[in-house]
Amino acid sequence: MKKWNVGTRRSRLALIQTNWVVDRLKEIAPEADFALHEIVTKGDRILDVTLSKVGGKGLFVKEIEQSLYDKETDFAVHSLKDMPAELPEGLVIGAIPKRVDPRDVLLSKDGKTLDELPEGAIVGTSSLRRAAQLMAYRPDIQIESLRGNIDTRMRKLAEGNFDGIILAAAGLERASFDGTISQYLPVEISLPAVGQGALAIECRADDTETLELLRQLDHQPTRLAVTAERSFLHKLQGGCQVPIGAYAMIGEGDLITMTGMVGSPDGKQMFKNTASGTDPVALGIQVAEALLAQGAGEVLAQVLRENEQ
Ligand SMILES: NCc1[nH]cc(CCC(=O)O)c1CC(=O)O
């Protein structure tokens, strides 16, 4: 009987996502056996520092990728948004399952919406992207750093440290915490992170048996959309530590429509562009170039300089 070794982070959300993938694969290959390998990543170990200051792309994936190289694992389940735009040599994304809700959400005291939060409200997030867009929409809001897994962040809201916190709808829905959501933020206010709401199953590029298994979980419209978003990210050389957002939708005839965003961390400068096309890689580059032409390159360079200090 074929046994697949599956790499996963140890957080509650990661285990839910990995078990979801394994359950789907068992339906496809009922005779196969799957063993989970829980791997602690650098991003899981360093919890007391703002993510943008920890530096380095792929904070949540490096150790997991090493286990693929070492053949300790055959494939690994990640949140796509934690994956750097460029994969290391010899590894590929074997499957991108159907995306769930890509939006950011507000969790607040008493279920208040963003418009109902009091003047000068304190909102917790460690994402420069979320902070920039919130301040662009509500310049009076005070952003405070908030790290940790979903449970920790929700506990800090309950303890009364914040008027609200921003999280991804996807994580809350997967962990069945979506009852706590006060408002789904429209993408016009908070453009999601590249790949938000999608999973990526990574494997070795030369492992045809695993690729064949994973292929059956791949959702083509999601792959098209996130390929456009990741091409945009790659062109801007961005990681999770810069205020970049993108969201692509697939319409009739596989026409991809994507909006990309670059902001300054204080939200005072905001560059956006929307375009359509059928080639996802070309579309990502086109939207990135439109933002660079507006002056987004200087804002990105400034953020990178600040992160190095
Ligand atoms: N930044 C960490 C992270 N990476 C993936 C998710 C869950 C959402 C997803 O799968 O896209 C989260 C939590 C969050 O942003 O609230």
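Two strands are said to pair when DSSP finds at least two bridges between them, and with that in mind we can look at β5 and β8, which pair in the antiparallel sense over 5 bridges. Before I go further, please remember that everything I describe today comes from a predicted model.

Let me stay with these two strands for a moment, and then widen the view to the sheet around them. One of the bridges between β5 and β8 can be followed residue by residue, since the partner of Ser108 in β8 is Gly164. On β5 there is also a pairing with β9, again antiparallel, and here 2 bridges join the strands; in this pairing Leu106 stands opposite Gln183 of β9.

Now to the whole sheet, which is open, has 5 strands in the order β7-β6-β8-β5-β9, and shows mixed pairing. Its edge strands are β7, residues 142-144, and β9, residues 183-184, each of which pairs on one side only. As an example of the parallel part of this mixture, β6, residues 122-124, runs parallel to β8, residues 164-168, and 2 bridges join them; Gly124, for instance, has Ile165 of β8 as its bridge partner.

Helices lie against this sheet as well. Helix α5, residues 128-137, packs on the sheet and touches β5, β6, β7 and β8, with a direction that makes about 170° with that of β7. Helix α6, residues 150-158, lies across β5, β6 and β8, and runs at about 160° to β8.

So where does β5 sit in all this, enclosed or not? Of its 5 residues, 5 are buried, so the strand is largely enclosed by the rest of the structure. In a regular strand the side chains alternate between the two faces of the sheet. In β5, Asp104, Leu106 and Ser108 point one way while Val105 and Leu107 point the other way, and all of them are buried.

Let us move to another sheet. This one is also described as open, with 5 strands in the order β2-β1-β3-β10-β4 and mixed pairing. The strands at its edges are β2, residues 33-38, and β4, residues 91-95, and each of them pairs on one side only. If we ignore direction, neighbouring strands here are turned by 35° against each other on average. Within this sheet, β3, residues 75-79, and β10, residues 199-204, pair in the antiparallel sense over 5 bridges, and Ser79 stands opposite Leu199 of β10. Helix α8, residues 208-215, packs on the sheet, where it touches β3, β4 and β10, and its direction makes about 35° with that of β4.

From β10 we can step into the interior. In soluble globular proteins, nonpolar side chains tend to be buried together. The largest nonpolar core in this model has 75 residues, and those that touch the most other members are Ile201, Phe232, Ala246 and Met258. Helix α9, residues 220-235, gives the most to this core, with 6 residues. If you find Ile201 on the screen, you can look for its contacts beyond four places in sequence, among them Val21, Phe75, Val77, Ile93 and Leu214.

Next, a residue in a loop. Ile39 lies between β2 and α2, and you may ask whether it is buried or exposed. It has 22 C-beta neighbours inside 10 Å, and because the cut-off for a buried residue is 20 or more, Ile39 counts as buried. Its C-alpha atom is separated by 6.4 Å from that of Ile64, although the two residues are 25 apart along the chain. Beyond four places in sequence, Ile39 touches Gly7, Thr8, Arg9, Glu63, Ile64 and Ser67.

By contrast, let us take two other loop residues. Lys71, in the loop between α4 and β3, is exposed, with 10 other C-beta atoms within 10 Å, and its phi is near 60°, a positive value in a residue other than glycine. Ser176, in the loop between α7 and β9, is exposed too, with 8 other C-beta atoms within 10 Å, and has a positive phi of about 60° although it is not a glycine.

Last, the ligand. Which residues are around it? They are Ser79, Lys81, Asp82, Leu167, Ala168, Ala170, Gly171, Gln196 and Gly197. The elements that give two or more residues to this shell are β8 and α7, and by type the shell divides into 3 nonpolar, 4 polar and 2 charged residues.

Notes
Residues numbered from 1 in each chain as written. Predicted model: local features only at pLDDT ≥ 70, side-chain atom pairs only at ≥ 80, totals over all residues. Helix = DSSP H or I, 4+ residues; strand = E, 2+ residues; numbered from the N terminus. Contact = placed C-beta atoms within 7 Å. Axes fitted to C-alpha atoms, helices over the stretch in contact; angles between N-to-C directions. Buried ≥ 20, exposed ≤ 12 C-beta atoms within 10 Å, placed from the backbone. Core = buried A, V, L, I, M, F, W, Y, C linked by C-beta atoms within 7 Å. Near = placed C-beta within 6 Å. Nonpolar A, V, L, I, M, F, W, Y, C, P; charged D, E, K, R; others polar.
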